[in-house]
Amino acid sequence: MVPITYYLLLAAALFCMGMFGVLVRTNALVVFMCVELMLNAVNLTFLAFARMHGNGLGHVSAFFVIAVAAAEAAIGLAIVIAVFRSRGTVNVDDIRTMKH
Amino acid sequence: MDGTLVEFFRTAPIPPEVLSPSLGLIILLPLLGAFVCGVFGKWLGRANVHLVACSAIAGAFVLSLLAFWATSDAAGGRVVSMANPFGLDRDTIRYAIAHDYGTWFAAGDFRVNFGLLVDHLSGILLLIITGVGFLIHLYSTSYMEHDDGYWRFFAYLNLFVAAMLTLVMADNLVLLFVGWEGVGMASYLLIGFWYTDSAKAWAGRKAFVTNRIGDFAFLIATFLLILTVGAFNRQADARDYNAAGSSRARYEQGISQKGPVTFKGLEKLALALPQGSGGAVSLATPIESGPLSGYTFGGVMTATMLLFLLGAAGKSAQLPLYVWLPDAMAGPTPVSALIHAATMVTAGVYLFCRMSSLLVLSPTAMATIAIVGALTSLLAALIAFAQDDIKKVLAYSTVSQLGIMFMGVGMGVFWAAAMHLMTHAFFKACLFLGAGSVMHGNGDETDIKKLGGLWKEMKWTHATFLISTLAITGIFPIMSGFFSKDAIFHGVHHNHLHGLEWVSTFVYVLGLLITASTAFYMSRVYLLTFTGKRSPEAKLAHAHESAWHMTLPLVILAFLAFATFVYALPLMPRSGGGTQPVFENFLSPVLRPAEAVARAAETVKLDTSSPSVGDYAFAWMWALLGGGAAAFAYLKFFPSRVGQPVPAFARAVRRTALNKFYVDELYEFILIRPVKFVAFILFRVVDALVIDTVLVRGTAYVTEKVGLGLRRLQTGDAQAYAAIMALAILGGAVYALLQVLS
Amino acid sequence: MSFFDNHLLNVVIYLPLVFAALVLMLPASEHGQVRAITFVGMLLDLVFGVWAYFRFEPSGAEFQMEYRVPWFQQFGMSYHLGVDGLAVSLLLLTVFLGPLVVLASTTYIQHRIKEFHLALLVLQTTMLGALASMDVLLFYIFFEAMLIPMYLMVGVWGAEDRRMAAVKFFLYTLVGSLLMLVAIVAVYFISGGPGVRSFDYGTLYNNLLAANQQLAACASGPEGACASLDGLAATLHTYGPWMFAAFALAFAIKVPMWPVHTWLPDAHVQAPVAGSMILAGVMLKMGTYGFWRFAIPLFPVAAHAARPFLAVLAVIGIVYGALMCLAQRDIKKLIAYSSVSHLGYCMLGLLAVTGEGATGSAYQMLNHGISTGALFLLFGFLYERRHTRLMSDYGGIAKVMPVFTAAFVIITFSSVAVPGTNGFIGEFLVLMGTFKSTLPLGFGAFATLGVILGAAYMLWMVQKVFFGSITHRENQHLRDMNLREMLTTAPFIVLVAVMGLMPQPFLDRIAPSTDRYVARASVGAPGATQAKDDQLRVEVMSLPSTAAAARPSVPAAPLAARE
Amino acid sequence: MNLPNITLADFLPMLPAIIMVVAASVLLLSEVFLSATASRGYQAVLTVVAAAASGAVAVGLMFEPPQEVFLGFGVLDPFSSFLTLVVSVGLALAALSAVGFLRRRGAERGEFYALMLFASAGMSLLAMSSEFITIFVNIEVLSIATYALTAYLRRGTRPSEAGFKYFILGAFSSAVLLYGTALLYGATGTTKLNDMAGPLQQALATSPALVYVGAVLIAAGFAFKVAAVPFHMWTPDVYEGAPTPVTALMSAGVKAAAFASLVRVFVTVGKGMDPKLPLMLFATLALLTMVAGNLMAIPQRNVKRMLAYSSIAHAGYLLLGVAALFVAAPGEHFRLLSASSLSGGTPLDVARSDALRGILYYLLAYTFSATGAFAMVSALERREDEEKGTAWDLERFAGLAQRRPGWAFAMAAFMLSLGGIPPTVGFMSKLLIFQAAIDVGLVGLTVVAVLSSAAGAYYYLRVVVYMFMHPIPEGAQPLERNWGTEAALVIATVAVVLLGILPGHVTDWLAQAGTLFGQ
């Protein structure tokens, strides 16, 4: 059977990928998806540990995370739309009028 | 003499114990006068101001007379005397009255009292100040008749008199210092009286600041004395106190009652310090504890006295601080007469007579004083040669005469110095007032070259001026000036400072030169002003004699200038046998401690012989020499050579002398300019640039710049923000892992 | 009557605030009323202040008219008022200046009159509070709060460059005092464990006393003798110097001492006449007062170590300030720098740690308040007429304004310490104290130089402004002082004479505090004759409740952490 | 399958949150029935009433003994109740200042207040939560509400941009936080704080890396919410772009709730681990935050932005207090970041509870001062200038003292309070924090703190300079008054001054609230 460490490493890798995505991608939607990716990496970690400890808390957590992620998605997409409305683009690099 | 007459003179109309509580009035009256004239003078009007001012001084004069009288009171054979707060019970102060008005201020273990003391020395000065002062007030009523500032003038004059009286009546150094600076302040105001002419105002400031240099030394000297008293109290043992006719208990009680700087207390200190007592403390004893530890009492005393010399030099216009006095002539002439001839400038001499007992402890200081006096006197005399401004000449002659007094003080002939102080007050006041009258009668012309032939038009002025000239020069011997000056020179010649014998000879020789030159330049002034024919470029065709307000004082002063010579005659029996001059005998109660100290400490060998006829003749010869030279030069030589070119060297010498040997310029160059320059540099560089700009504003500047820099990080790019967060997290994680590994 | 037994100081302090409330209710357009109410308030305050001054018994307890109630106890603070001789004297000075400042501003201040008088009244309260507070934090609060109204006064009613000056003044002072705050809190904590410690001056001092004595003993001992110290003494040995430095910096800026004085000229030059008067009259004294009350007694050993250094700074201040004056063209700046010089005397007298020196210093504080306050007042009158501060724009003023000139010259003499004026007493005592002290003679000698320079620059200024012929046409028709101005000036001149000729009544009140100050300061001086503890300890009333000191809050049972 | 027994008593502690939620729902429902033109004055009133009610309840709850609720997922203790009070204060003031703000923009809608109420409910619950998932959920509740609020105004580019940045970074940081949680869960097998201490000790022996990294990640997540340098960078932009009342709520409520949770988490978790780590973490954060926050605020001419930076700086002072919680034993020598032996021999638990009091009092003080200041800003800004970005320029304050003395006075009070000048509450609260920090020996940090606050005084004073010392700019539009704003100003000013002079009962409550983590 696969040792737990692998799951964890996979999750960590996912998390880092999500993180880098957030840092480098220019399309707001993609960036947003990368955040979701990070959240899912967390879910994976939770589940792995839940399995290790053999208690349900991890699963519960994962469910909560998914639920909250959905809520976030709702508001996030709304905001992205608002951004698109106001300036006709969702390119992150263009969203920088307020600085210094 | 007739016994009843003696009795009359020896019974004071108001007995001392009754009088002494009202000594303060002598100061208060002029002060009140000053207040009234100064505040209400404008509304009072000229006549009332004159009345107030003169009557204030007159009242002070009457009181002084009574006080003076009381000091010699011996009603019923019992000489006036009072207990010495610093001495044992049997130790009394004779021929003096005093009153203590209680504490002025006290802090820590220091206290100063409003203590007034009138003995024969201060009594004489009281009379001079109020008497001459009154005459000069009278004179001024006419002299200032055309000036709108009359009320200010009389207010200042009264103020001055009050301050001067405080100076002489004070029984302690600090109170004396009040008068000391008070007169300086008054003279500042009076010199700058015509302030609209800024040159005159500057002269006033110059006088005040120069005096302040002296006061600086005076203060430090006072502090040194206070420290010395403390050290003495810590180290002395019973024998020391006995030698001073006191005991520790009494001495400390005296200090706690009257403070450490009372003259009587200092006198005790002086009496205790000489080696003779065999006590624990003598001049050579090093001070063990306190700020002065390490120095010997003698050394400290010398330093103190030298500092007092600097202080006195400021007030009495001696080297190196004499420069203010000639400029002080900017003031109205009566002021020059009262302040810059008769009274204030002699304060230094008074101070040293007052502290004679301490002074004689330090031959070094005495020698310095004598030499400074001699040099000043000679220098001033030389400068006086070439001055054409009549007041300037008189000013320099004042400096010169003060120098003579300092010679006397320095060589321990205190009584003669005091006497010369008195006679000088008379004849110099007379000369100044005479000069004033001349100016008054000649449209304020002061250049003697532009006067001449006044003897016809201004008879009174001429006569009195002549008498005073003779008095100061001593060309005609039976005059006060001759005797007092000669008494000084005689003493100078025969007194010897321990270890510094050469000084007496040196100073004596200078003295003879001074006699000659005095005779020369005074005769010159007299001749050019009064004899010959009226100069073509005179302002007025005809001079007019002044009103009686002005001539009367002249006459009285001239008379005094003549008559006071009797005091120099050796008529009184000397305690040790033989005779002594009246004035010496008269001052002996004041000066006896000094003699005792001198004898005990063997610092000065005081000579008691009186000058023989031969000595007089010798001195006279020098005077004649100078006078003759002047007569020849200005009656024969120059008149005959009018129009012929003057040799170059003569012109050079004359120019140098005329420019006072460039001393003012020297000071300007080595003292005033540098200070101003340093001040300017400090302000521009240290204050404005280094501290304020670089340090203070610099900090603010750097802070702001750093802020601006950090602000640049705020690019507005969300991903950059995230990146930084990620880096921070990474750093944290790494740190955490390092923690784990370690 | 019994009310005043407890609350006299409260009345004195908060009366201006009450009147500020009254002024607040007035419509801003009622200039006359605003001024009148303010004046009445100040006058009333003066009455109570004088009363307090006379209630003070020189022979009585050190601190009198005490009032203390719990306040913010968990943090060791209590609302504690009380005055000793010095404080009550400065208090008198403050209430004395109050009404005169109002009078001085009646024509000077022409816009935003209501706000101005509000600021004035509030400022008065804060200054009085700082003088009377016996709780160190309370003092600090007033000390800081004082900045706000003064800052507004300079910044709103000041001259052309006022904003810079105001901000500079505020930040300069703030930096110093913030560091002091850290030191205050630190000393509060080291002064004792929970329960015994408190910010109250008495508690604080008494807690430190023993440790200070140990420290002094070992400091005078052989090298490294202090290594064996433990407990409080050890902490003081390590951190005492730093804390003292923090205190000293805060107060040195306030004094101001060289080289942290550069805020003063700007503030003075820009401030309106009232601001300058109060700044010079009272606020600078907060610095010297702080040294006297807090910095030196709390850290005698560190203070003793720093004494030569500070004394050098003081002497530099005296001479340097005087030299600065010689380089000025701006009259107000000159007066400001003269303050630096005069305050140098105060500091020197403090550091001399002799009865004479300390008394002189205290007296010099009062003198400076009066003479420099009066100088600023008088120059304010001149400035109202000509609106220039440059000496070169004046000259020959005496011709057109004789009375003014007379007043100015009298004050000048007081400022250059001519005997017979108040200035002399202070300067003389300070200098003598310095000579008597254990400082080398050179200090006294150099300080005495100030006597010469003082005369030089003041008379120079008088000369340039008043004497000579009138050089500017504008000056030809200046009117002389009017009645109001004379009335404002008269009290100063009277005090100059009174304090110069009869200083003893004032000195008597200062004397007891002086002795205690000297005793406490010489705790740090090895070899000095040490006073007995009962003379050193600060006796103050304790809180009515037992909760004088910080209660350690008992931890409640934490939530059970189930293992 | 046994159901956990949840009684009504478990809901009592949530009463404040419940009140807010109910009020929010009422607003949402009522909004549906309103025509576009109907007057909506009642909405703000309702919000304020709800805030007041929940605040009152919180005060009542403050005297309940500490107890677990919901099987230990939440905790009712004075600490949380006090935080709820702080939040309701912030909410009330923000709502009051919103009245005029929205009216001027014609943007009065029920949602706005509803979202505010939801966010506040989330904050109040966050302060109570003592279990990681609950914490996460509540963080999201308040975050999502505030995301929406930030982008509430649809006109102009700024709100949407602010909303976007806030959202992306917020989501990012909560993911980080969550990941940390996961790791801790992995190390201990539980997500309940109170159960963690024991397992942590074992975990430290077996797998310390998990614990430490997890702790760091969680700290990072909170650091974002409290805007600690270097997690602060969103703050200026979001604060500037968000509607000013929302900014007020964020600066006061969000910060307070986040700090509460942060403290609760780390004090409990910290019991398990070596305190050196959290000490270093928070000391470093405090240092950076205080210095950078103040320095970056200095050049700002945009007051709203300046206040944003200043809120960063204040987070720094609060972090100083937090760091003081983790000092185990003072070191011998003086160090910048760690403790020196200057501490007064106070038992550490006492010292820590003092630190907690300091934090709590500071939060209250900051809430009043900051919300007041933002209310002032919102009263002065005009929509036309927003795009130009000049709506919040210092110039807007020029001469305010002549135009509206009362406002100027209030603003001056806020500025002085933020600058920590007595006699304002700002000084008292700073004093308490510094006192606590020095007590445990964090002298070096405290010195840095006071110096940076001196630098801070500069930019606060500049506002005062403009209000009092600058002339009224010509062509300045009249300032219309509004009851909401003025009410907010009055309340805040009175509180700022009163709490500065007479801390009164508040300190007694603090004495209770501060004792929570006694050991």
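Which residues of chain B does UniProt list for "domain: NADH:quinone oxidoreductase/Mrp antiporter transmembrane" (unreviewed entry)? The entry gives residues 170–230 and 301–498 of chain B, and the legends below start there.

A note before the views: this is a predicted model, in which local features need pLDDT of at least 70 and side-chain atom pairs count only at pLDDT 80 or more, while totals for chains, interfaces and linings use all residues. Residues are numbered from 1 along each chain as its sequence is written, and chains are lettered from A and ligands numbered from 1 in the order in which they are written.

**View 1. The annotated spans of chain B.** Residues 170–230 of chain B are 85% helix and 0% strand, with end C-alpha atoms 22 Å apart. For residues 301–498 of chain B the figures are 75% helix and 1% strand, and the end C-alpha atoms lie 16 Å apart. Helices (H or I, at least four residues) and strands (E, at least two) are DSSP runs, numbered from the N terminus. UniProt positions follow the numbering used here, feature names are shortened, and annotations may be inferred rather than shown by experiment.

**View 2. Where chain B meets chain C.** Five pairs of chains touch, and chains B and C have the most contacts among them. Two residues are in contact if their C-beta atoms, placed from the backbone, lie within 7 Å. Here 41 residues of chain B are in contact with 43 residues of chain C. On the chain B side, two or more residues come from each of strand 3 (96–107), helix 7 (173–191), helix 8 (198–235) and helix 28 (663–712). Helix 8 of chain B gives the most, with 15 residues. By type, this side of chain B has 27 nonpolar, six polar and eight charged residues. Ala, Val, Leu, Ile, Met, Phe, Trp, Tyr, Cys and Pro count as nonpolar, Asp, Glu, Lys and Arg as charged, and the others, Gly among them, as polar. Chains A and C, by contrast, do not touch, and their nearest C-alpha atoms are 17 Å apart.

**View 3. Where chain D meets chain A.** In this interface, 32 residues of chain D are in contact with 35 residues of chain A. Helix 5 (132–150), helix 6 (157–188) and helix 9 (234–241) of chain D each give two or more residues to the chain D side. The largest share, 17 residues, comes from helix 6 of chain D. This side of chain D holds 17 nonpolar, nine polar and six charged residues.

**View 4. The fold of chain D and its annotated spans.** Chain D has 20 helices and two strands, and its C-alpha trace spans about 70 × 60 × 40 Å along its principal axes. UniProt places the same-named feature, "domain: NADH:quinone oxidoreductase/Mrp antiporter transmembrane" (unreviewed entry), at residues 129–324 and 353–453 of chain D. Residues 129–324 of chain D are 84% helix and 0% strand, with end C-alpha atoms 23 Å apart. In residues 353–453 of chain D, helix makes up 79% and strand 0%, and the end C-alpha atoms are 24 Å apart.

**View 5. Gln300(D) in its loop.** Gln300(D) sits in the loop between helix 11 (276–297) and helix 12 (303–324) of chain D. Gln300(D) counts as buried because it has 22 C-beta neighbours inside 10 Å; the cut-offs are 20 or more other C-beta atoms within 10 Å for buried, 12 or fewer for exposed, and partly exposed in between, with C-beta atoms placed from the backbone. Leaving out residues up to four places away in sequence, Gln300(D) touches Arg305(D), Met306(D), Tyr309(D) and Tyr459(D).
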